[in-house]
Amino acid sequence: MKKFLLSAVAVFAISPAFNVTAQEKVYFQSDFAKTWEVFKDWEGSKDNAGKPIDAYGSDGVGNYLPNINTPKDGDGKTAFEYLRDEGWTIFGGGVEPNVVPNGCNFQKYYLKMGSKNKQNGVTLPIIEEFGNGVENVKLSFNWFPFRAGGKAGEGVYDKTDLVVIVANGSVEKQFAVPEVRPADGLRYEWYPVSISLDKVTINKDTRISVRPADAQYLPNGAVTGNYRYCIDKFKVTGSGSSAVVELEADENAPEVYYNLQGVKVAEPANGLYIRVKGNKTEKVVVK
């Protein structure tokens, strides 16, 4: 009969050859394609007819920035109403959330947020898959600060600073978004970021938002200046685990053994091994 002696608690990175990683779970993902597909052929009228509705693609040359309430489908439903029905909340700009967005512009296929002296933020739809609580959650998205002047090779970039806000009722925690400061005059470029939402409750009632930092934002739009930005490709991921699930998995999971070089061992003999049971990993001595 084998005897197992607990030697020490070990982490997965106990040896370069021993590598176990958790599979990433995607809880939410959107590049606004569902909404923008409806308006892919929409264009402005009169002086705006035929202008590109894409500041990024045109690098600000002759583009059109319609308010998100301006584009309408054949039944008169606006791009903003489509987003609202998908669960998005657009706020700021001196108005109540999701009433009449002020300062938020429709672009194919992303959001341009903010205008002179008005700042906007966006809240992701409710994510039911969070259930009663999940861990190791990350929010990623692409963004770039807007550039004054709108001419290729010219113009000064707004010194916009963003924060991610995780709200559980009235309790909020902020996470700073890495600063982006393109040299003035450079063409537009998307900057991807990934924020770990650590040490904060994440469940189905949690709301996740992105907006300008406190010094650049007031809901009534009273902060003077330009703190504009474009944002796209939201993605929320995690390990797919919760405290309750991990306990259940550890209780019922089969034991798997590896030697110190990371090679799986079907019948461990005398010696030191790594034992993996569910989400628990430890060193054991087999005698």
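This is a short guided tour of a predicted model, stop by stop, with something to select at each one.

**Stop 1: the open sheet**

Start by colouring strands β3, β6, β11, β8 and β9. In that order, these five strands form an open sheet, and their pairing is antiparallel. Now pick out residues 89–92 and then residues 171–176. These are β3 and β9, the edge strands, and each of them pairs on one side only. If you turn the view to look across the sheet, you can follow its twist: neighbouring strands are turned by 25 degrees against each other on average, direction ignored.

Next, keep just two of these strands on display: β6, residues 120–123, and β11, residues 207–212. They pair in the antiparallel sense over two bridges. Which residue of β11 is the bridge partner of V122? Select V210, and you have that partner.

**Stop 2: N120, in the same strand β6**

Stay with β6 and select N120, which lies in this strand. N120 is buried, with a relative accessible area of 1%. Show its side chain and add N102 to the selection. A polar atom of the N120 side chain lies 3.1 Å from the backbone oxygen of N102.

**Stop 3: aromatic rings**

Now show the side chains of Phe, Tyr and Trp. There are 20 aromatic pairs to find in this model. Begin with F141 and F234. Their ring centres are 5.7 Å apart and their planes meet at 35 degrees, so this pair is tilted. Where in the chain do F141 and F234 sit? F141 belongs to strand β7 (residues 138–145) and F234 to strand β12 (residues 229–238); with these positions 93 residues apart, the pair links distant parts of the chain. As for exposure, F141 is buried at 1% relative accessibility, and F234 is buried with a relative accessible area of 1%.

Move on to F144 and Y188. Here the ring centres are 4.8 Å apart and the planes are at 35 degrees, so this pair is tilted. F144 lies in strand β7, while Y188 is in the loop between β9 and β10 (191–196), so the pair ties together parts that are 44 residues apart in sequence. Buried or exposed: what are F144 and Y188? Both F144 and Y188 are buried.

To see a whole network, select F28, F32, W36, F39, W42, Y64, Y82, W88, F106, F141 and F234 together. Ring pairs link these residues into a cluster.

**Stop 4: charges over rings**

Keep Y188 in view and add R147. The charged end of R147 sits over the Y188 ring, 4.4 Å from its centre. For another example, select K112 with F146: the charged end of K112 sits over the F146 ring, and the distance to the ring centre is 4.9 Å.

**Stop 5: two cysteines**

Select C104 and C230 and show their sulfur atoms. Why is there no bond between them? The C104 sulfur has its closest cysteine sulfur in C230, at 9.7 Å, which is too far for a bond. C230 is likewise in no disulfide, with the sulfur of C104 as its nearest cysteine sulfur. The count of disulfides for the model is zero. As for their surroundings, C104 is buried at 0% relative accessibility, and C230 is buried with a relative accessible area of 0%.

**Stop 6: backbone details**

Finish with the backbone. Select K108 and Y109, which are joined by a cis peptide bond with omega of about 10 degrees. Y109 is in the loop between β4 (104–107) and β5 (110–113).

Then go back to F32, one of the residues of the ring cluster. F32 is not a glycine, yet its phi is positive, at about 65 degrees. You will find F32 in the loop between β2 (25–30) and α1 (33–38). With 1% relative accessibility, F32 counts as buried.

For the last selection, take D59. Its phi is near 55 degrees, a positive value in a residue other than glycine. D59 is in the loop between α2 (55–58) and α3 (79–85), and at 3% relative accessibility D59 counts as buried.

Definitions and conventions:
Residues are numbered from 1 along each chain as its sequence is written. This is a predicted model: local features need pLDDT of at least 70, side-chain atom pairs count only at pLDDT 80 or more; totals for chains, interfaces and linings use all residues. Side-chain values use heavy atoms; hydrogens and water are left out. Two strands pair if DSSP finds at least two bridges between them. Helices (H or I, at least four residues) and strands (E, at least two) are DSSP runs, numbered from the N terminus. Axes are lines fitted to C-alpha atoms, for helices over the stretch in contact, and angles run from 0 to 180 degrees between N-to-C directions. Rings of Phe, Tyr and Trp (its six-membered ring) pair if their centres lie within 6.5 Å; planes under 30 degrees apart count as stacked, over 60 as edge-to-face and the rest as tilted. Buried means under 20% relative accessible area, exposed over 50%, partly exposed in between (1.4 Å probe, protein chains only). A charge sits over a ring if NZ of Lys or CZ of Arg is within 6 Å of the ring centre and within 35 degrees of the ring normal. A disulfide is a pair of cysteine sulfur atoms within 2.5 Å. A polar contact is a pair of N or O atoms within 3.5 Å; within protein, one must be able to donate a hydrogen and the other to accept it, and residues adjacent in sequence count only if both atoms are side-chain atoms.
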